[in-house]
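Trainee: I am new to this structure and would be grateful for a close look at a single part of it. Please take one aromatic residue and its surroundings.

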Amino acid sequence: KQWYQRRVAITAGIIQIEKTNNFQHDYYLETWPSLLNQMQKVEENRVDELGSLLKQKCVLHKNTLPQVEQCIDNMIATCENISSTQDSDLLMEERTMANYPPDHEFIEFGAKPPSNFSTNPSMRKTKKEKSTDCDSALIPLL
């Protein structure tokens, strides 16, 4: 009886070893290589798609280069036409035509405001015009 049980146990062990070996054989010779082949195909498809996208980007970039080159040529031409004296003259003209607040003047309490008195900056007299006026009733506030 022991001999029989030992024989059954050995046979069951051999059968399990054979099953394990068969599963291992299937895994390493069929399942794993199939999985690696599928992963390789996915990677190849990814690389092909990436290459296609990069090619499209290069074509678009190549098509816009003439426009960029034209813009740069226009920028260079504009830079060559810059005149420093004309630029300073335009700046000075712009700054001298700016609306400044009116000069502060002292008017005695109860006295009538002078005829040239205005709170409107556009009505303000320029320095040249003021230098010709001699109004002794007004004392500038320092």
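Mentor: The account below concerns Tyr27 and its surroundings. The model is predicted, so local features need pLDDT of at least 70 and side-chain atom pairs count only at pLDDT 80 or more, while totals for chains, interfaces and linings use all residues. Residues are numbered from 1 along each chain as its sequence is written, and side-chain values use heavy atoms, with hydrogens and water left out.

Tyr27 is found in helix α1, residues 2–80; helices are DSSP runs of H or I with at least four residues, numbered from the N terminus. With 37% relative accessibility, Tyr27 counts as partly exposed, a class that lies between buried (under 20% relative accessible area) and exposed (over 50%), using a 1.4 Å probe and protein chains only.

The structure holds two aromatic pairs. In one of them, the rings of Tyr27 and Tyr28 have centres 5.0 Å apart and planes at 90°, so this pair is edge-to-face. Rings of Phe, Tyr and Trp (its six-membered ring) pair if their centres lie within 6.5 Å; planes under 30 degrees apart count as stacked, over 60 as edge-to-face and the rest as tilted. Through ring pairs, Tyr27, Tyr28 and Trp32 are linked into a cluster.

Tyr27, Tyr28 and Trp32 also belong to a nonpolar surface patch of about 700 Å², together with Leu29, Leu35, Leu36 and Met39. Patches take residues with over 30% relative accessible area and no salt bridge (a side-chain nitrogen of Lys or Arg within 4 Å of a carboxyl oxygen of Asp or Glu). Like charges are joined within 9 Å, and nonpolar side chains (Val, Leu, Ile, Met, Phe, Trp, Tyr) within 5 Å. Accessible areas come from the Shrake-Rupley method with a 1.4 Å probe; for residues, only the protein chains shown count as cover.

Definitions and conventions
Helices (H or I, at least four residues) and strands (E, at least two) are DSSP runs, numbered from the N terminus.
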